Amino acid sequence: MSLGNIRQGKLRLQKWYLATSDKERKKMVRELMQVVLARKPKMCSFLEWRDLKVVYKRYASLYFCCAIEGQDNELITLELIHRYVELLDKYFGSVCELDIIFNFEKAYFILDEFLMGGDVQDTSKKSVLKAIEQADLLQEEDESPRSVLEEMGLA
Amino acid sequence: MPAVSKGDGMRGLAVFISDIRNCKSKEAEIKRINKELANIRSKFKGDKALDGYSKKKYVCKLLFIFLLGHDIDFGHMEAVNLLSSNRYTEKQIGYLFISVLVNSNSELIRLINNAIKNDLASRNPTFMGLALHCIASVGSREMAEAFAGEIPKVLVAGDTMDSVKQSAALCLLRLYRTSPDLVPMGDWTSRVVHLLNDQHLGVVTAATSLITTLAQKNPEEFKTSVSLAVSRLSRIVTSASTDLQDYTYYFVPAPWLSVKLLRLLQCYPPPDPAVRGRLTECLETILNKAQEPPKSKKVQHSNAKNAVLFEAISLIIHHDSEPNLLVRACNQLGQFLQHRETNLRYLALESMCTLASSEFSHEAVKTHIDTVINALKTERDVSVRQRAADLLYAMCDRSNAKQIVSEMLRYLETADYAIREEIVLKVAILAEKYAVDYSWYVDTILNLIRIAGDYVSEEVWYRVLQIVTNRDDVQGYAAKTVFEALQAPACHENMVKVGGYILGEFGNLIAGDPRSSPPVQFSLLHSKFHLCSVATRALLLSTYIKFINLFPETKATIQAVLRAGSQLRNADVELQQRAVEYLTLSSVASTDVLATVLEEMPPFPERESSILAKLKRKKGPGAGSALDDGRRDPSSNDINGGVEPTPSTVSTPSPSADLLGLRAAPPPAAPPASAGAGNLLVDVFDGPAAQPSLGPTPEEAFLSELEPPAPESPMALLADPAPAADPGPEDIGPPIPEADELLNKFVCKNNGVLFENQLLQIGVKSEFRQNLGRMYLFYGNKTSVQFQNFSPTVVHPGDLQTQLAVQTKRVAAQVDGGAQVQQVLNIECLRDFLTPPLLSVRFRYGGTPQALTLKLPVTINKFFQPTEMAAQDFFQRWKQLSLPQQEAQKIFKANHPMDAEVTKAKLLGFGSALLDNVDPNPENFVGAGIIQTKALQVGCLLRLEPNAQAQMYRLTLRTSKEPVSRHLCELLAQQF
């Protein structure tokens with residue numbers, strides 16, 4: 001299963017749950033983008049692609065896509081996407097694409113807290129966010145404040 | 001620039017991202033990236049040791065660059081260094097980099113594994129979580145080797161935190177998916193099953209995913225999960241929407257977990273009666289809820305609710321045992337067919353496709369035919385139309401075939417290119433399968449060629465030729481129809497091929513009509529000749545020589561054509577050769593010789609439609625299931641004998657190549673490959689040993705399901721049988737825990753002590769012949785007190801009633817102390833069955849009621865009839881049973897000393913014949929037999945390969961019926 005955000009052919013995030021070579025990944029992403037971007041509104045959110053099923057949904061400027069196996073449940077996957085968007089929204093506060101661009105590592109951490117190896121780890125919004133916030137606390141504790149100059153390497 | 005939120009730190013990174021976004025062109029972006037890469041490289045190589053923070057920042061930048069689509073060839077080492085940092089955020093970025101970028105660089109993997117090992121041992125739940133995530137993300141074999149033994153311990157340890165348990169479960173699942181052989185089953189499995197009872201729903205969710213995957217491969221090991229899953233599900237579906245707090249999703253209680261539990265249950269057959277009742281209640285509740293008004297207008301609410309509903313329907317279809325539920329499911333899907341949500345229409349069509357193959361719901365599905373046809377015509381989304389076409393195919397039977405085929409043909413004219421070929425195959429199969437009169441079939445196929453000639457594959461037009469050749473009642477009609485079709489000014493080349501072949505064989509049948517006299521037929525065909533490809537022209541040349549035999553008056557004209565320079569000196573060697581040979585043949589051979597050589601083709605051997613085989617290849621196994629499983633119309637085989645369910649590996653002979661029958665017959669059977677006899681587990685059976693089948697030989701019947709021979713001993717011999725008093729499943733308890741073990745003792749023997757405790761001993765003596773059996777049960781009272789109300793009864797769980805008939809005689813209600821009573825059971829096997837009947841014994845001993853339920857030692861192998869055969873026959877049949885679902889294989893450890901004599905005795909006791917000199921390896925055992933049931937016979941082949949060194953066996957079963965292969969394999973595997 002893979003999950004990516006696609007906008008005008010730009011991939012914002014991808015996660016692979018099956019061993020795939022870099023070359024193959026790039027090819028699959030290209031192909032998938034073509035297929036999904038060609039879909040018109042109101043079409044159904046599921047399509048057969050290669051020997052997988054793709055479940056996708058558009059949120060503002062981003063498409064969220066999951067590729068699942070034949071017998072997996074399509075509707076629950078659609079809600080999996082929604083739950084992830086809710087988690088992002090809650091964490092960033094009205095999430096927009098820029099949040100995901102500038103804080104891509106956070107988007108990954110939230111995804112990892114939610115899904116593991118392609119399976120949902122915890123469906124409770126609270127549990128996932130609690131785990132992320134705890135991590136943020138740890139981060140703040142062990143980071144001494146730095147000046148901007150220091151940051152730029154000028155100090 | 002957006003406000004970077006909580007816990008940020010890396011301003012340098014944000015600046016860099018901003019820079020990239022501000023780049024006006026691709027070149028500028030690449031320039032900026034190269035500058036950054038140079039900067040990072042110099043920092044990493046610099047003399048000054050970098051602090052953790054800088055390392056983290058640069059690694060993160062590299063990650064960003066990689067995600068933009070650029071290659072990264074350094075920085076891995078720095079990322080690995082971050083793993084051993086004590087700072088959480090540094091460690092976290094290190095792990096992220098590794099899990100995104102590392103595939104399997106063996107040198108690094110060792111270092112990474114070291115870091116992971118330390119974190120797993122740290123007992124810090126956050127660090128453990130990171131380590132487990134990394135294992136799950138990389139999931140390589142090296143990682144499985146290093147951690148597959150460790151993670152189960154973490155998972156079931158009493159002091160593991162819930163969040164770590166969740167991660168451990170899913171991590172193990174990932175490793176099991178990539179390297180199942182490295183995940184050892186063991187004591188931990190039963191503890192994992194009990195996680196289904198855990199208080200933390202997150203833990204239950206993760207555990208259910210793990211158990212579902214493990215149970216698919218090891219059903220026995222996880223079978224206790226069934227009742228736990230049912231009670232969990234029951235608690236969820238009956239809970240109020242607020243009970244589960246944060247696990248309620250838009251007013252739907254725990255939809256993810258519900259879906260997973262329902263999927264887990266699909267790994268097993270319907271459970272025992274008690275559990276089954278509870279499950280049925282759950283499924284009914286889910287179906288009822290679908291009818292209730294929605295609790296929210298949000299699409300998330302209906303999606304989550306329907307996700308559970310669809311999964312419940314899948315389970316109902318999978319069990320295929322409750323007609324009520326099946327019909328309710330069908331009605332529910334029928335509502336969805338007209339829903340305004342495209343998603344629901346799509347899923348309803350998909351789900352109904354599987355419902356159509358159940359005999360209980362097939363009729364109910366058919367009532368929706370108009371809606372489905374309408375969907376095919378009006379849906380705007382091709383994926384939905386595709387589902388509609390699939391469903392029409394699945395719901396087709398003789399009553400609606402004409403309507404469905406004509407709708408599909410109409411759809412074909414405008415169908416999307418991507419699915420045309422598949423539609424063509426489907427139409428061709430349905431037309432053949434359900435043809436009542438063959439003129440309709442011929443019309444349909446010719447229409448197919450007319451409408452979508454380019455998509456008509458060789459299989460399709462070969463098939464129409466085979467069928468026309470084999471049925472003389474349709475030959476005249478076919479000749480007339482192709483002749484008419486060829487009149488069209490532009491007709492597809494496939495039409496010319498079919499026309500050429502049919503007229504060459506049967507043109508004489510219409511030659512009496514002056515409008516289609518021989519010269520007219522010839523000039524019509526020859527008018528197409530020059531526009532055709534070489535292959536078609538070669539076929540037409542063969543038609544011409546056949547014409548010389550059929551219509552001597554055309555000889556001069558045709559010889560002139562053959563003699564023409566364009567033929568005799570054709571640049572294509574095949575055409576040239578045909579022209580030369582045919583010309584000579586027609587000049588030198590006498591009329592008699594000519595008539596013999598050019599005689600009408602003999603009927604083709606009946607076998608599986610090559611089209612069906614092609615569709616299966618296209619769609620994977622099971623695609624043709626609507627046609628060849630389940631509700632097979634018994635009359636269809638005699639009318640449409642062409643569709644033989646027996647698989648065949650034979651390629652369809654090309655009519656153009658074999659038209660004259662001049663080609664050599666297939667070579668005689670090659671001797672079985674004997675290579676590798678020294679190699680213990682080499683699979684010679686997959687070698688090119690068997691020859692293609694030449695047609696229906698007497699042995700062929702061995703593998704197909706036959707009408708049974710009349711039983712030698714009719715049931716009348718069972719004098720005065722008392723009808724089996726069936727107390728109804730709810731009255732008896734579940735079998736005692738040892739029941740399976742006791743049953744296993746009787747798989748290979750018929751006599752012995754079935755059960756013994758302090759009060760009672762039950763002995764068994766039985767004999768079986770063909771599909772009949774007689775069993776004597778001896779109940780011994782071991783006490784000195786009389787048993788009262790003694791009543792042993794036989795119960796048929798599930799569908800067994802229709803599979804096995806057991807008649808019992810009543811026994812005396814009192815059994816004196818120290819006495820023994822005997823009960824006779826007459827058994828008839830009606831069709832193949834998987835679960836044994838239950839024996840329920842109740843009596844009162846000293847005033848206390850005693851009840852005991854055992855499994856009666858009647859297993860499918862009791863109805864085995866051994867079959868002797870020569871090596872060559874064995875190999876041929878083995879090859880014929882080569883579909884993946886016909887084979888079941890198990891590799892298992894020896895539980896008993898590996899003694900060849902004992903093994904032999906067991907296999908003979910199992911019921912199959914032992915065949916010597918078949919397997920090139922004398923250590924191996926090969927057996928064959930036929931399972932006799934009233935409804936059908938199932939041919940079985942087996943092979944057992946012991947590996948004394950490893951103390952392992954490999955057992956392979958191939959039978960003509962899929963569940964039988966698996967079942968026999970399981971039964972037999974437990975004997976060694």
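Chain B meets chain A through 82 residues, which are in contact with 66 residues of chain A. The model you are looking at is predicted, so please read every value here as computed from that model. After the interface, this briefing turns to chain B as a whole, then to one of its sheets and a loop beside it.

**The interface of chain B and chain A**

- Together, chain B and chain A bury about 6,500 Å² between them, and carbon and sulfur atoms account for 53% of that area.
- Five salt bridges are found across the interface of the two chains.
- A good place to zoom in is the pair A:E48 and B:R387, which form a salt bridge; their closest N and O atoms are 3.0 Å apart.

**Chain B as a whole**

- Chain B has 976 residues, and 55% of them count as buried.
- Its secondary structure comprises 41 helices and 16 strands.
- Among the contacts in chain B with a separation of 6 or more, 70% are between residues 24 or more positions apart.
- The area that chain B exposes comes to about 41,700 Å², with 51% of it supplied by carbon and sulfur atoms.

**A five-stranded sheet in chain B**

- Five strands of chain B make up an open sheet with antiparallel pairing, and their order is 3-4-5-8-7.
- At the edges sit strand 3 (752-756) and strand 7 (804-808) of chain B, each of which pairs on one side only.
- From one strand to the next, the twist averages 25 degrees.
- Within this sheet, strand 4 (residues 760-769) and strand 5 (residues 772-781) of chain B run antiparallel and are joined by 10 bridges.
- To follow the register by eye, you can start at B:E767, whose bridge partner in strand 5 of chain B is B:R774.

**The loop between strand 3 and strand 4**

- B:Q758 is found in the loop that links strand 3 and strand 4 of chain B.
- This residue counts as exposed because its relative accessibility is 73%, and the cut-off for exposed is over 50%.
- Leaving aside residues up to four places away in sequence, B:Q758 touches B:K782 and B:T783.
- B:Q758 and B:T783 are 25 residues apart along the chain, yet their C-alpha atoms are separated by 7.8 Å.

Notes. Residues are numbered from 1 along each chain as its sequence is written. Chains are lettered from A and ligands numbered from 1 in the order in which they are written. This is a predicted model: local features need pLDDT of at least 70, side-chain atom pairs count only at pLDDT 80 or more; totals for chains, interfaces and linings use all residues. Side-chain values use heavy atoms; hydrogens and water are left out. Helices (H or I, at least four residues) and strands (E, at least two) are DSSP runs, numbered from the N terminus. Buried means under 20% relative accessible area, exposed over 50%, partly exposed in between (1.4 Å probe, protein chains only). Contact means heavy atoms within 4.5 Å. Accessible areas come from the Shrake-Rupley method with a 1.4 Å probe; for residues, only the protein chains shown count as cover. Two strands pair if DSSP finds at least two bridges between them. Axes are lines fitted to C-alpha atoms, for helices over the stretch in contact, and angles run from 0 to 180 degrees between N-to-C directions. Buried area is the accessible area (1.4 Å probe) that two parts lose on being put together, summed over both. A salt bridge is a side-chain nitrogen of Lys or Arg within 4 Å of a carboxyl oxygen of Asp or Glu.
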